[in-house]
Amino acid sequence: MDEFMQAAIEEARKGLNEGGIPIGSVLVIDGTIVGRGHNRRVQKGSAILHAEMDCLENAGRLKPGDYRRAVLYSTLSPCDMCSGAVLLYKIPRVVIGENRTFQGPEEYLRTRGVEVAVLDDEGCRRLMSEFIAANPEVWDEDIGEE
C-alpha cells in the first residue's frame, strides 16, 4: 500500500477516534499531500463534511491547473456529492481504498474521463464494515438512506 492511501487511512482512524465515521481522504499534487480530511459530519453537525469534501476544504483555494495534476485518495468510494467535486475541479485520478461496503458513481466518473483505481483493501473494508455493523443509523444518515 502506498504512503498516500496510508495517510488516508490515518485520517479515517482520526475520524473514528473523534466519534465519527471512519472515512479518510488526501489530495496529492506532484507527489505531495496538499490536503487531508476525514468525515466530520457527526463531529461538526454538518450536512456536507464527507472525507473528500473536508480534504478539499483543508487544501484551500487552488488554481485550476493544480487540480488537473491532482490525485484524490479516499478510503471509501466517493458518493455523488464528492464525485461531483472531482468533476467540478477536473481532478483526473481517484484512488479508492474499497468499494464493497459502499459504491458511488465510479462508472460515471470513468465516462467523464476520470481514472478510477480501486485497491480493494481489507483494512479499509474492515474499518467500514465494523462501523456500519455497530452504527447502522449513523451510516444510513451519512449516505441519505432512511
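This passage walks through the predicted model of a single chain, from its overall build to a few of its parts.

The chain holds eight helices and five strands. Read from the N terminus, these elements follow the order α-β-β-α-α-α-β-α-β-α-β-α-α. With 146 residues, the globule rule gives a radius of gyration of 15 Å, and the 14 Å of the chain is close to that, so the chain is as compact as a globular protein of that length. Along the principal axes, the C-alpha atoms occupy a box of roughly 40 × 30 × 30 Å.

A look at the inside and the outside comes next. Of the 146 residues, 49% count as buried. Among the contacts with a separation of 6 or more, 53% are made by residues 24 or more positions apart. The accessible surface of the chain amounts to about 7,200 Å², and carbon and sulfur atoms contribute 48% of this area. As for charge, there are 17 positive and 25 negative side chains in the chain, and 7 Å lies between the centres of the two sets.

Turning to the strands, a good place to begin is the hairpin of strand 1 and strand 2. Strand 1 spans residues 24-29 and strand 2 spans residues 32-38; the two pair in the antiparallel sense, with six bridges between them. Within this pairing, Val26 has Arg36 of strand 2 standing opposite. Two residues lie between the strands of the hairpin, and Asp30 adopts a positive phi near 50° there. Thr32 belongs to strand 2 and has a relative accessible area of 45%; since this value falls between the 20% and 50% limits, Thr32 is partly exposed. From the C-alpha atom of Thr32 to that of Arg126, which is 94 residues away along the chain, the separation is 27 Å.

Helix 3 offers a view of the buried part of the chain. This helix covers residues 51-59, and its buried residues are Ala51, Glu52, Asp54, Cys55, Leu56 and Ala59. In general, an α-helix has 3.6 residues a turn, so residues three or four places apart point the same way. The cover over the buried residues of helix 3 includes both strands of the hairpin, strand 1 and strand 2, together with helix 4 (64-67), strand 3 (70-76) and helix 5 (80-88). After helix 3 comes Gly60, which has a positive phi near 80°.

Methods: Residues numbered from 1 in each chain as written. Predicted model: local features only at pLDDT ≥ 70, side-chain atom pairs only at ≥ 80, totals over all residues. Heavy atoms only, no water. Helix = DSSP H or I, 4+ residues; strand = E, 2+ residues; numbered from the N terminus. Rg over C-alpha atoms; globule rule 2.2 N^0.38 Å. Buried < 20%, exposed > 50% of the residue type's maximum accessible area, 1.4 Å probe, protein only. Contact = heavy atoms within 4.5 Å. Areas by Shrake-Rupley, 256 points an atom, 1.4 Å probe, with all protein chains shown as cover. Lys, Arg positive; Asp, Glu negative; His and termini not counted. Charge placed at Lys NZ, Arg CZ, Asp CG, Glu CD. Pairing = 2+ DSSP bridges.
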